[in-house]
Amino acid sequence: MTVSSSSPRGDMLMMLGMIVAIVFGPIILAPFGAGYPDLMQKFAIYGIFAIGFNILFGLTGYLSFGHAAFLGVGSYSAVWMFKLLSMNVIPALILAILISGLFALVIGFITLRRSGIYFAILTLAFAQMSYNLAYSVLTPITNGETGLQLLLDDPRILDAPLASGDLPLANLFGLQMNSTYETSFLGMTLYFNAGYYLCGVILLVAFYFAMRIFRSPLGMMLKAIKSNQNRLNYTGVNTRPYTLTAFVISGIYAGLAGGLLACTDPLAGAERMQWTASGEVVLMTILGGAGTLLGPIIGAGAIKYFENIFSAFNESELNAVFSFLPDGLREAVVSVASTFVGEGWQLTLGVLFMLIVIFLPGGLLEGVRRILSLFNRPPGGGMEERSARVKSAA
Amino acid sequence: MDAILLQILNGLDKSSAYAMIALGLTLIFGTLGVVNFAHGALFMLGAFCAVTVHRLLSLDIVTLSATEKTAWGTPMEIRTPYAEAWFGDFGTWLIDWSVPVSILVAIPFMLLFGVLMERGLIRHFYKRPHAEQILVTFGLAIVLQEIIKSWFGANPIPQPAPEALRGMIDFGAAIGLEAGNVVYPAWRFIYFLFAMGVIGIVFAFLRYTTFGMVVRAGMADRETVGLLGINIDRRFTITFGAAAAIAGLAGVMYTPILSPDYHLGMDFLVLSFVVVVVGGMGSLPGAVAAGFLLGILQSFASMNEVKSLLPGIDQIIIYLVAVVILLTRPRGLMGRKGVMET
Amino acid sequence: MGILNVSSINMHFGGLQALNNVNLDVRQGTVHAIIGPNGAGKSTLLNCFVGRLTPDTGVVDFDGISLIGLKPHEINQAGVSRVFQTPEIFGDLSLLENVMIPAFAKRDGSYRQNLWAPLRGESKIRERAMAALADVKMADKAGMIANTLSRGDKRRLELAMGLVQEPKLLLLDEPTAGMARADTNATIALLKEISATGLTMVIIEHDMHVVFSLAERITVLAQGTVIAEDEPAKIKGHPKVQEAYLGGTHS
């Protein structure tokens, strides 16, 4: 996808599509069994995380294996804001952005001195340091293994004191994040949840911002870095500031996602910073299509959706699914299948990871494009003939 | 003096494992040009070879005792491992020595696994970008560890060292210091000797055989060796298999030190990569040296005196050293110019 | 005093003396060719101009500033553009983008973020890029992806990337290597047009046909030493040059 192939009209349509998808999310997702608040919030939050990661990896080609550190930092910052200042999400998100941006600036400044595998290892090293420190010395800030939680006697200097027995809840000027309007539609229960819409609106803003970057001179420079950094140097461009800009922006996206995780569930733990979590966002981006605008959101959605489906399955459900098979065969099938679901979801994830990288390194969007081009441009030069037929049929 | 010696000794076992894993990683980098994120998983597979062998050897026959009764009045069950039933004392010995005996199983198994992995997967990634190599092997690592988890469960499975080797060695007394101050588990020392042996064999092999010469030439300049008409494909396969076997052996022998569980590989992988990078991509002596350097540094950093001075240093020392070295010496301690720089 | 002044450059790799006390004086507005047998040190010399190599000793002055120790991007900002021997382009971007990038680099100095303004709004840059593509007769291919071009076309694209920066000095490393005769002649014609605008060029070239069609002044290198520097007509009959080329063919 090149800059020249983008058109203002196409971008506008993409934006409108996003708005419709987010507004009607609860209705669209309900038939897939994914229309409940918790999962929809995750779609939006990890969508933001992946969009941000894509600005670094998709555009510049710098593979960071430590982005979960920024997610964790964002979560801790937000929870601290909840504890000290107010349960309103705005200050929490602002602090999450500031701190993660600062953190990304420092780490990016150091790690971007190297590229390729060295960069990957350096980012990994910083993320592991953050993770290890969060578990040990930084316990006063992170509350170690228990994770940082809200307490009834936190100061919360801006908020009115709680009625006794109340638990503090994150809110947006009084609108509580867990408030949900439930309704029934065609026999399905629809949930319109405040937290989801907050995440959705921020996803929309994040997407719009990413689109502007993709279509800007900065975006073109970043793509040029991925394409041929050496040439860019000889073209008179000092690439370091550009990569650092991309790094900080993607760090801020991750911090924002971390802050939102804390808004929907006011808790922050160090496991969010583990390198497997960094690996997950890499997978989301690759799965959807690195370097594309929509890919990372699709990837994040797909992974969270299948995680939800697969990890919920258990053996008795599998038995029900395969009940049409004869007994002996059914047991065999179920015992194989059960290693892939429930606790075994990670196994499915790993297999998926490999399949995508092996057969579809361009991601799902690339796959869609290939399928489309099969129809539009059959090999062997029959293009005109074919399109003529399509036209006459239409 | 005693304290320093003790810390060095304490660092040795981990160092040895780092060095062996890093050696294989570097061998793969240098010859095949592939970044293998599944190498930690190979270490873990080796460890589970030991678990499997131990389990197989301890399979038992249940017979009912004619004389003894349980509290419920039923005949007492007597469990006799098949190994003992068939081989008598030799069987008992086999079970006791199951960890070293596993080596005999692990070598062919890991070689075969490595060969299949190279033929089936890695081969198709020689020409792909490093990012994709990292990702596909990362995926494979997840798959391997999850399979192990579903077969062996999530909990660590302790593996005993042979009874004769479970004791302590009094190093202090051996070198003339006060007895009892520097004592060290015998098995850990054996692990260190084992690692030295493996590393020594690898280096000797590379130095004194034609095969080794080709591999070294390939590490220096892959394209030229390819042009010389040497069948490097087969050598690549064997090199990969050998690297897998080294990782596997490191894993087998490590089981009495640390009870293996499914994420053992991941834990070691990250550190081993740091070791490789610190040592210098593509440098075998660098990998070994960095393995020992970092392992022993880590051991020193976890001394209480150091920790009270610099809280948390034990948690991050390896990464910190890696960052400093990478920023001051871009190619690591002994790296060559031009390896993996783009 | 020329625009590029090179004096007493020495450079060695290990035991090999690659450049031995090389002097060069390129005058404003001329086409200056550097020729010599394989391994004479031509490319090494060029690499010393663009910051890829740093000579052991010597001076490289360009338009009043010293290029020694500057980073590649700083040298480019000083007004030196380079066309590479093997095409160095942004393969997965379009031709237009390939030329827009150096145009931006020129306008923005080394760094300016433009993350909000849409690229399509940059009509001036776009026009300049299109003009440069038109100069190398590739305007009709502006939307193509650069990797799909033939090798000859890639080199022309590179030329456009150099030209769009309106450099004070254009360095060309074997601009016709690997080209078919017809392409070579087209390139010569193109370079002649460009040099008519008054742009200073330094060309490294093997092909004597190209050299004698274009150069106004020629420096001959052999084994790292300048053995002659003169006008083309005089170089042709120079005994040392003939010796270097004839004597050098068997090695």
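Let's start with the two domains of chain C: in this predicted model, their centres, taken over C-alpha atoms, are separated by 26 Å. Where does each domain of chain C run in the sequence? Domain 1 is made of two stretches, 1-79 and 167-251, and domain 2 covers 89-166.

The two domains do touch. Domain 1 of chain C puts 10 residues into that contact, and domain 2 of chain C puts in 10 residues. On the domain 1 side, α2 of chain C and α6 of chain C, residues 181-196, supply at least two residues each. The most comes from α6(C), with 3 residues. If you sort that domain 1 side by class, you get 6 nonpolar, 3 polar and 1 charged residues.

Now stay with chain C and find strand β3, residues 31-35. Is this strand enclosed or open? Well, 5 of its 5 residues are buried, so β3(C) is largely enclosed by the rest of the structure. Here is a handy general idea: in a regular strand, side chains alternate between the two faces of the sheet. Look at β3(C) with that in mind: C:V31, C:A33 and C:I35 point one way, while C:H32 and C:I34 point the other way, and all are buried.

Who are the partners of this strand? β3(C) runs parallel to β8(C), residues 200-204, and 4 bridges join them. As an example, C:A33 has C:I203 as its bridge partner in β8(C). β3(C) also runs parallel to β9(C), residues 217-222, again joined by 4 bridges. There, C:I34 is bridged to C:T219.

Next, let's step out to the chain contacts. Between chains C and A, the contact takes 33 residues from chain C and 24 residues from chain A. On the chain C side, the elements giving two or more residues are α2, residues 72-77, and α3, residues 95-108. Of these, α3(C) gives the most, with 8 residues. By class, this side of chain C holds 17 nonpolar, 10 polar and 6 charged residues.

Last stop, chain B. Here 33 residues of chain B are in contact with 34 residues of chain A. Which elements of chain B give two or more residues to that side? They are α6 (130-152), α12 (264-279) and α15 (313-328) of chain B. The largest share, 14 residues, comes from α6(B). As for classes, the chain B side divides into 24 nonpolar, 6 polar and 3 charged residues.

Conventions
Residues numbered from 1 in each chain as written. Chains lettered and ligands numbered in written order. Predicted model: local features only at pLDDT ≥ 70, side-chain atom pairs only at ≥ 80, totals over all residues. Contact = placed C-beta atoms within 7 Å. Nonpolar A, V, L, I, M, F, W, Y, C, P; charged D, E, K, R; others polar. Buried ≥ 20, exposed ≤ 12 C-beta atoms within 10 Å, placed from the backbone. Pairing = 2+ DSSP bridges. Domains from an automatic or database assignment.
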